[in-house]
Amino acid sequence: MNNTRKSVTGAVAALSLWALSGHVSAQDFPTQKVLPLELSTQAAMAAIKKCHDDGFKVSVAIVDQAGLLKVQLKADGAGPHTLDSSRRKAYTANSLRDSTHKYAVLVTQKPELQSLTRLNENILLLGGGFPVKIGGEVVGGIGVGGAPGIEFDEVCASAALKVLKADDTFERK
């Protein structure tokens with residue numbers, strides 16, 4: 001009898017919690033755009049190819065919305081430091097939601113913003129990183145490192161953004 005009473009009490013408690021919590025359906029969960037792995041890989045390859053065609057050996061990194069590495073490629077002959085710089089540029093662009101070059105310029109113009117450079121060990125305020133924005137939502141970031149000048153890194157990153165069909169490809173006019 002005692003076991004039956006415990007079972008009934010447990011069932012009533014569980015049913016009560018379910019009723020009080022409200023019914024949650026799949027449509028109540030927020031939807032989030034994500035960068036598919038295959039498309040991210042194609043985009044990274046497009047950046048590597050553009051830089052290769054221009055005579056540069058670079059690394060390319062693409063991070064997801066959380067700033068975690070999705071894809072990273074290092075061209076044959078690219079320096080080992082390019083892996084770190086490309087990842088950090090991608091992280092920074094995603095985290096700050098804008099071009100890394102824009103923030104690099106801003107920090108030099110407004111010294112009171114120098115602390116931006118030390119937010120954490122992943123931030124790198126050096127041109128070559130862009131947020132990946134799809135349908136008005138930042139879904140990741142891309143960073144290119146290794147070309148002899150940020151304008152060349154940015155051209156290669158822009159090639160990747162075209163593959164991703166990003167809202168803005170940050171092409172210089």
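Here are legends for a handful of close-up views of this predicted model.

Residues count from 1 along each chain as its sequence is written, and side-chain values rest on heavy atoms, with hydrogens and water left out. Since we're looking at a prediction, local features need pLDDT of at least 70 and side-chain atom pairs count only at pLDDT 80 or more, while totals for chains, interfaces and linings use all residues.

**View 1. The open sheet has four strands.** Its order is 2-1-4-3, with antiparallel pairing; strands (E, at least two residues) and helices (H or I, at least four) are DSSP runs numbered from the N terminus, and two strands pair if DSSP finds at least two bridges between them. Strand 2 and strand 3 sit at the edges, each pairing on one side only. From one strand to the next, the twist averages 15°; axes here are lines fitted to C-alpha atoms, for helices over the stretch in contact, and angles run from 0 to 180 degrees between N-to-C directions. Strand 3 and strand 4 are joined by six bridges in the antiparallel sense, and Phe130 has Ile142 in strand 4 as its bridge partner.

**View 2. Two helices pack on the sheet.** Helix 2 touches strand 1, strand 2 and strand 4, and its direction makes about 30° with that of strand 2; contact means heavy atoms within 4.5 Å. Helix 5 touches strand 3 and strand 4, running at about 140° to the direction of strand 4.

**View 3. One disulfide turns up in a search of the whole structure.** The bond joins Cys51 to Cys156, with S to S at 1.9 Å; the cut-off is a pair of cysteine sulfur atoms within 2.5 Å. Cys51 lies in helix 2 (residues 37–53) and Cys156 in helix 5, so the pair ties together parts that are 105 residues apart in sequence. The link is right-handed, with 110° about the S-S bond. Both cysteines, Cys51 and Cys156, are buried, where buried means under 20% relative accessible area, exposed over 50%, and partly exposed in between (1.4 Å probe, protein chains only).

**View 4. Helix 3 runs over residues 81–96.** Its 16 residues should span 22 Å at 1.5 Å a residue, and the end C-alpha atoms are indeed 22 Å apart; the expected span is 1.5 Å times one less than the number of residues. Among its buried residues are Ser85, Ala90, Tyr91 and Leu96, and what covers the buried set includes strand 1 (59–64), helix 4 (100–109) and helix 5 (150–163). Thr82, also in helix 3, is buried because its relative accessibility is 1%. Leaving aside neighbours within four places in sequence, Thr82 is in contact with Val58, Ser59, Lys74, Gly145 and Gly146. Just after the helix, Arg97 takes a positive phi of about 65°.

**View 5. Three of the salt bridges, up close: Asp84 with Arg87, Asp54 with Lys50 and Asp98 with Lys102.** The count comes to eight, taking a side-chain nitrogen of Lys or Arg within 4 Å of a carboxyl oxygen of Asp or Glu. Asp84 and Arg87 have their closest N and O atoms 2.8 Å apart; both lie in helix 3, three residues apart, about one turn of the helix. Asp84 is partly exposed at 37%, as is Arg87 at 24%. Shared partners join Asp84, Arg87 and Arg88 into one salt-bridge network. For Asp54 and Lys50, N to O is 3.2 Å; Asp54 is partly exposed at 34% and Lys50 at 30%. Asp98 meets Lys102 at 2.7 Å, and Lys102 is partly exposed at 44%.
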